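Reader: I would like to learn how to read empty space, packing and strands in a protein model. Could you take me through them one at a time?

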Amino acid sequence: LNEDNLSWNVGLNYETAGDTLFYGRVSRGYKSGSFPTASVASGLGYTPVKQESVTAYEVGIKAPLADRKLELTAAAFYYDYKDKQVRGRLPDPVFGTLDGLVQIPKSRVQGIEMSLLARPVDGLRISIGGTYIDTKIQEFIGFQPDATTADFKGQRFPFAPKLTAIADAEYEFPVSSSVDAYLGVSATHNSKTSSTLANSDTATINRDARFDMRSYTLVDLRAGINVPDSKIRAGVFVRNVGNTYYWTNVQDTLASVARFAGMPRTYGVQVSWRY
């Protein structure tokens with residue numbers, strides 16, 4: 001591939017006397033052309049894809065509140081993609097179709113994100129945040145598993161949950177003149193999504209439910225000590241306390257559909273030293 005591009009970024013900021021920042025930005029970026037890493041039966045499966053581009057529009061606010069005990073960040077965005085690279089289906093002379101890299105001529109993402117950081121008392125830090133996105137393929141004629149072509153207009157991006165939310169709280173307090181202890185909890189939530197392009201019922205596509213990835217919520221716990229003078233931090237943790245069963249991927253292996261499970265409940269010890 002012989003490619004070139006010009007990326008750019010234009011932004012406007014306005015800061016009030018109370019240190020509230022309003023901003024707007026428009027930018028253009030590129031992802032270089034590539035070829036897939038996949039099992040194929042002919043050279044067609046290794047056909048490279050050209051670079052993709054995205055024009056991003058974003059407006060937002062960053063504001064200190066309640067005498068700076070709260071920090072609010074919020075943004076709305078719209079991403080206009082051209083030739084987006086995604087994993088789809090390509091014709092194969094032996095198997096009909098196989099996985100490969102395909103390009104979506106026109107697609108978009110729109111959404112909002114917000115986060116709030118609170119320090120209500122000394123030693124306590126609480127943060128919450130979330131992102132809501134709506135993805136849509138606006139133009140793409142592609143292959144289905146039976147090697148027929150179909151119009152994928154109206155489908156959502158794979159691996160793109162509409163809602164992602166995170167929360168974290170940590171309380172640090174002194175246990176001696178030189179050692180602090182900490183207790184923490186965090187949570188992550190992802191709404192349902194799909195690993196395939198055929199993920200929504202439209203006039204030309206029937207949703208393939210085998211590749212659905214259900215929503216899940218993970219909760220982690222941590223506790224330990226912090227020695228500021230020696231820059232040492234040591235603690236124990238439990239991840240996925242509820243032992244939630246969830247999937248990180250669903251893949252068609254031709255002979256079967258395989259689901260890749262996330263980590264179960266996990267215990268561990270961490271020691272760190274900063275210099």
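Author: Gladly, and we begin with pockets. On a 1 Å grid over the protein atoms alone, a pocket is an open set of points with protein on both sides within 12 Å along at least five of seven lines, a cavity is a set where a 1.4 Å probe fits but cannot get out, and lining residues have an atom within 4 Å of a point. Grid points are joined across faces, edges and corners, and a volume is the space filled by probe spheres set on the points. This is a predicted model, in which local features need pLDDT of at least 70 and side-chain atom pairs count only at pLDDT 80 or more, while totals for chains, interfaces and linings use all residues. Residues are numbered from 1 along each chain as its sequence is written, and side-chain values use heavy atoms, with hydrogens and water left out.

Reader: What volume does the largest pocket have, and which residues are closest to its centre?

Author: The space in the largest pocket is about 490 Å³. It has 28 lining residues, and Arg87, Gly88, Ser195, Thr196 and Leu197 are the closest to the centre. Strands here are DSSP runs of E with at least two residues, numbered from the N terminus. S4, S5, S7 (141-143) and S15 (247-252) each give two or more residues to this lining, and S4 has the largest share, with five.

Reader: How do the residues of that lining divide by character?

Author: Ala, Val, Leu, Ile, Met, Phe, Trp, Tyr, Cys and Pro count as nonpolar, Asp, Glu, Lys and Arg as charged, and the others, Gly among them, as polar. The pocket lining has 13 nonpolar, eight polar and seven charged residues.

Reader: How many cavities of 30 Å³ or more are there?

Author: The count is two. The largest has a volume of about 50 Å³, and its lining includes Arg156, Phe157 and Lys192. The second largest, of about 40 Å³, has Val40, Leu90 and Asp99 among its lining residues. S4 gives the most to that second lining, with three residues.

Reader: Now packing: which residues have the most contacts inside the largest nonpolar core?

Author: A nonpolar core is a set of buried Ala, Val, Leu, Ile, Met, Phe, Trp, Tyr and Cys residues joined through side-chain atoms within 4.5 Å. Buried means under 20% relative accessible area, exposed over 50%, and partly exposed in between (1.4 Å probe, protein chains only). The largest core has 18 residues, and Val102, Val109, Ile137, Phe140, Phe152, Phe157 and Leu197 have the most contacts inside it. At least two core residues come from each of S4 (70-92), S5 (96-118) and S6 (124-139).

Reader: Where does leucine 117 lie, and is it buried or exposed?

Author: Leucine 117 lies in strand S5 and is buried, at 18% relative accessible area. Its C-alpha atom is separated by 6.7 Å from that of leucine 72, 45 residues apart along the chain. Contact means heavy atoms within 4.5 Å; beyond neighbours within four places in sequence, leucine 117 has contacts that include Leu70, Arg125 and Ile126.

Reader: Why does strand S1 lie largely in the open?

Author: Zero of the eight residues of S1 (residues 8-15) are buried, so the strand lies largely in the open. Two strands pair if DSSP finds at least two bridges between them. S1 and S2 (residues 21-31) run antiparallel, joined by eight bridges, with asparagine 9 opposite serine 27. They form a hairpin with five residues between the strands, where aspartate 19 in the turn has a positive phi of about 70°.

Key. Helices (H or I, at least four residues) and strands (E, at least two) are DSSP runs, numbered from the N terminus.
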